[in-house]
Amino acid sequence: MPPLLALVDCNNFYASCERVFNPKLEGKPVIVLSNNDGCVVARSNEAKALGIAMGVPEFHIRDLIYRHKVQVFSSNYALYGDMSQRVMQTLEQFSPAVEVYSIDEAFLSLSGLPQRNPTAYGHTIRKTVKQWTGIPVSVGIAESKTLAKVANYLAKRSPHAAGVFDLSAETNPQRILSQIPVEKVWGVGPGTTRLLKAHGIETAWDLREADEHWIRKHLGIVGLRTVQELRARSCLPLEQCPPPKQGIMVSRSFGHPVESLAEMQEAVATYTSRAAEKLREVHLAATVLMVFLETNPFTDEPQYNNVSTIELPVATDTSHELIRHALQGIKTIYRAGYRYKKAGVKLAGLVPVSHIQADLFDSQDRGRAKRLMQALDRINDRMGAGTLQYAAAGLNPRWKAKFARRSQAYTTNWKHLPQVQ
DNA sequence: TCTGGGGTCCTAGGACCC
DNA sequence: TCTGGGGTCCTAGGACCC
């Protein structure tokens, strides 16, 4: 018996989150912007109908926003993260094996469940999530992850589906898959699409029927897996426990171009401090720190990008130690005379804190640093992020990203609880 | 004026070794 | 005239995803 999987995907997730706490937005076009209020990252159906594309810069569509009274929000990750958790907890009710694939999607194993009608089960899932969280979802059901993605695509678009589509029940897969453009298949990006179309492979069905040797040669084993999955042979297993993290990254575009080393160092100190917090949340320590800076590629100003990679003498999760290395690194790659747009920090070579290999010549008092970090995290957790911060991060920075239209932290901050009138 | 952030995985090619 | 070959490890960069 092949496995049976459901992909549950939240519809227009960020826009839907905004709606849950602001019902006046119902029926209106809503968009959510990326960090720094840059690009569109979520659109309600009404906004999609206006032709607002994913990823388009906000300033390109300002006219459209004004004319159609589009409701615009800065992204509010505290809210979306919390809503995501509620949705995922609800989904746990419906399957013993759930893989949380992203902030707004999860794969559920439906194999071996007592119910005989997957479509009806899908509708129950949909209804329950909507009732418990306010978030609308679509459910795609099939024998592999890639086909479940296809089924989900159909669940959203097919008028008869009403949000649930079971591809495994289809008697004529050719009829269905021939309607799916190949670029909509999971794992087929712009580069692969170009290649496939040049060889007459236009639809998901064409890809499914493609020659294996040709696929292996031109698309590698990743492409071959996609083809197998389209043939209902599952190659991508359900991952119930997330694999250990490979790296932790914090990077931001600046609200204003940064030119001085002093400002750049403030930004880098801030990002490193946040990265160190993330590191401690998952009980890992870093052995490698990378810091990078970039100018704005959309301008015709002189361009300069660079990365500095630092091998840390001892694995660490201590903020001030990481900040010290990051400041050192940024100083070596900073060049005066450029207008920088973005900088970031990546922590890599991650090891569990319990496995830290002490260096014979390590001069730090590790126990003291650990107690200090615990106190810091506790205070920031209880009193709000940023209550305590490092002096190196600066006070009142000009470079901070913009979030001019952020909604309130309805679910994670008592001061922002929605009012009932 | 204004163009996101955080990830994963694979592959090609160089360095090195015997 | 002759100037190997094959394995392994590492890294940079590409492709893709949400």
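This is a guided tour of a predicted model of a protein with two DNA strands, with a suggestion at each stop of what to select next.

**First stop: DNA strand B**

Begin by selecting DNA strand B together with the protein around it, where 24 residues surround the strand and the closest are Asn35, Met249, Ser251, Ser253 and Lys341. If you colour this surface by residue class, you will find 9 nonpolar, 7 polar and 8 charged residues. Three elements, α10 (212-230), β9 and β12, each supply at least two residues of that surface, and the largest share, 7 residues, comes from β9.

Which parts of the strand face the protein? Among the atoms of DNA strand B within 4 Å of the protein, 68% belong to sugar or phosphate, while the rest belong to bases. To see a contact to a base, select Arg62, where an N or O atom of the side chain is 3.4 Å from a base oxygen of DNA strand B. For contacts to the phosphates, move to Lys342, which places a polar side-chain atom 3.3 Å from a phosphate oxygen of DNA strand B, and then to Ile221, where a polar backbone atom is 3.4 Å from a phosphate oxygen of that strand.

**Second stop: the strands around β12**

Next, select β9 (residues 247-258) and β12 (residues 340-348), which run antiparallel and are joined by 8 bridges. Within this pair, Ser251 of the first strand stands opposite Gly344 in β12, and Ser251 is also one of the closest residues to DNA strand B. Now add β10 (residues 284-295), which pairs with β12 in the antiparallel sense, over 8 bridges; here the bridge partner of Leu293 is Ala343 in β12.

**Third stop: DNA strand C**

Turn now to DNA strand C, which is surrounded by 13 residues, the closest being Ser102, Lys149, Gly187, Gly191 and Thr192. Which part of DNA strand C lies within 4 Å of the protein, sugar or phosphate, or bases? Of the atoms within that distance, 100% belong to sugar or phosphate.

Select Lys149 to see an N or O atom of its side chain 2.4 Å from a phosphate oxygen of DNA strand C, and then Gly187, where a backbone N or O atom lies 2.4 Å from a phosphate oxygen of that strand. At Asp104, an N or O atom in the side chain is 3.1 Å from a sugar or linking oxygen of DNA strand C. The surface near this strand draws at least two residues from each of β5 (98-102) and α8 (190-198), with α8 giving the largest share, 3 residues. By class, the surface divides into 5 nonpolar, 5 polar and 3 charged residues.

**Fourth stop: a three-stranded sheet**

Select β3, β2 and β4 to display an open sheet of 3 strands, which has the order β3-β2-β4 and mixed pairing. Its edge strands, β3 (40-43) and β4 (71-74), each pair on one side only, and the twist averages 25° from one strand to the next. Strand β2 (residues 30-33) pairs with β4 in the parallel sense over 4 bridges, and Val32 stands opposite Phe73 in β4.

**Last stop: the cysteines**

Finally, select the cysteines and look for disulfides, of which the count is 0. Why does Cys17 have no bond to Cys10? The sulfur of Cys10 is the closest cysteine sulfur to that of Cys17, yet it is 7.4 Å away, which is too far for a bond because a disulfide needs the two sulfur atoms within 2.5 Å. Cys17 is buried, with a relative accessible area of 0%, whereas Cys235 is partly exposed, with a relative accessible area of 31%.

How values were computed: Residues numbered from 1 in each chain as written. Chains lettered and ligands numbered in written order. Predicted model: local features only at pLDDT ≥ 70, side-chain atom pairs only at ≥ 80, totals over all residues. Heavy atoms only, no water. Near = heavy atom within 4 Å. Polar contact = N/O pair within 3.5 Å; in protein donor to acceptor, adjacent residues only side chain to side chain. Nonpolar A, V, L, I, M, F, W, Y, C, P; charged D, E, K, R; others polar. Buried < 20%, exposed > 50% of the residue type's maximum accessible area, 1.4 Å probe, protein only. Pairing = 2+ DSSP bridges. Axes fitted to C-alpha atoms, helices over the stretch in contact; angles between N-to-C directions.
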